[in-house]
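The following report looks at one helix, one pocket and a set of charged pairs in the model shown here.

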Amino acid sequence: MTPLSPPPLSRIRIGSAPDSWGVWFPDDPQQVPWPRFLDEVTEAGYEWIELGPYGYLPTDPARLTAETARRGLKVSAGTVFTGLHHGDAVWEKTWAHVSDNATLARAMGADHLVVIPSFWRDDKTGEVLEDRTLTADQWRNLTRLTERLGREVRDRFGLRIVVHPHADTHIDGEESVSRFLDATDPDLVSLCLDTGHYAYCGGDSVKLIETYGERIGYLHLKQVDPRVLAEVVAAGTPFGPAVARGVMCEPPAGVPALEPVLAAAQALDVDLFAIVEQDMYPCPPDKPFPIARRTRRFLRSCGA
């Protein structure tokens, strides 16, 4: 008897990102050159990509449009890092960074801007940069200015911000994510649920989708290796060195299982991007492509 195929995930649009090729920085000798990323992400079977760190891909819209169009690629989002809990003093610097990214994302036809909170410890060196727990005033700064960012990005660029809970930041696991969502305006602030980061920080992605479904605006798909995760949590290892040890792994070998996450997202009955990110910095240049191709095949087997 032929096994039944999974139901098609008609509301989920699958893509990938420079992160899945080990790209964390605009320019780094350990990263693959951008033309190779574009060639390989296409060959692996993806049609949608994120821009990655600003400056990694060409920032001239005409050039980037030509490079993506001839490969049949489209852009889903740009990405920015922010430290809005520091208050109004950082707004102008933050906006300069955001506006560059948003200008390029809009020019490339994207509808989203992924917003990642700043790290409380350095993701490369592990140096502690500030207290990992925010004060009440810092929480107020974070929520108030994130709402302002959402409003400004929407009004000036027509983009929707989606805030990305991330390991080693102040928005990471269930407690801080719930507190952040409860304190922000749904019309201005949505969530980019990264399944790997949320699991890394002890969260349950399916539960989050079922509890805060109306706030889920975007997905990043990744898994963690439970064995490596237990080791790095026990040792207090910073996120960057944890990634170098392989804490983020190729699906379907890790957690969370992606099939129920995708099913829960499909049940929301809204169109969502689900962008594959495997966090592999640094990695050998020949490692990402075979993983990307196998991951795309796996996601097709899930109906995506």
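Helices (H or I, at least four residues) and strands (E, at least two) are DSSP runs, numbered from the N terminus. Residues are numbered from 1 along each chain as its sequence is written. The model is predicted, with local features requiring pLDDT of at least 70, side-chain atom pairs counting only at pLDDT 80 or more, and totals for chains, interfaces and linings using all residues, while side-chain values use heavy atoms and leave out hydrogens and water.

Just after helix α11, Gly303 adopts a positive phi of about 100 degrees. The helix itself comprises 14 residues (288–301), and its end C-alpha atoms are 20 Å apart, which agrees with the 20 Å expected at 1.5 Å a residue (the expected span being 1.5 Å times one less than the number of residues). Among its buried residues (buried meaning under 20% relative accessible area, exposed over 50%, and partly exposed in between, with a 1.4 Å probe and protein chains only) are Phe289, Ile291, Thr295, Arg296 and Phe298. The buried residues of α11 pack against β1 (12–16), α1 (34–43), β7 (216–221), α10 (258–267) and β10 (272–276), where contact means heavy atoms within 4.5 Å.

A salt bridge is taken as a side-chain nitrogen of Lys or Arg within 4 Å of a carboxyl oxygen of Asp or Glu, and by this rule the count comes to 21 salt bridges. Three of the pairs are set out below.

| Acidic residue | Basic residue | N to O distance |
|---|---|---|
| Asp271 | Arg11 | 2.7 Å |
| Glu67 | Arg70 | 3.2 Å |
| Glu277 | Lys222 | 3.4 Å |

The pair of Glu277 and Lys222 links distant parts of the chain, with Glu277 in the loop between β10 and α11 and Lys222 in the loop between β7 and β8 (223–224), 55 residues apart; Glu277 and Lys222 are both buried. In the salt bridge between Asp271 and Arg11, Asp271 lies in the loop between α10 and β10 and Arg11 in the segment before β1, so the pair ties together parts that are 260 residues apart in sequence. Asp271 is partly exposed at a relative accessible area of 46%, and Arg11 is partly exposed at 22%.

Glu67, found in helix α2 (residues 61–69), is buried with a relative accessible area of 14%, whereas its partner Arg70 counts as exposed at 61% relative accessibility. Not counting residues up to four places away in sequence, Glu67 touches Trp34 and Leu38. A network of salt bridges links Asp39, Glu67, Arg70 and Arg71.
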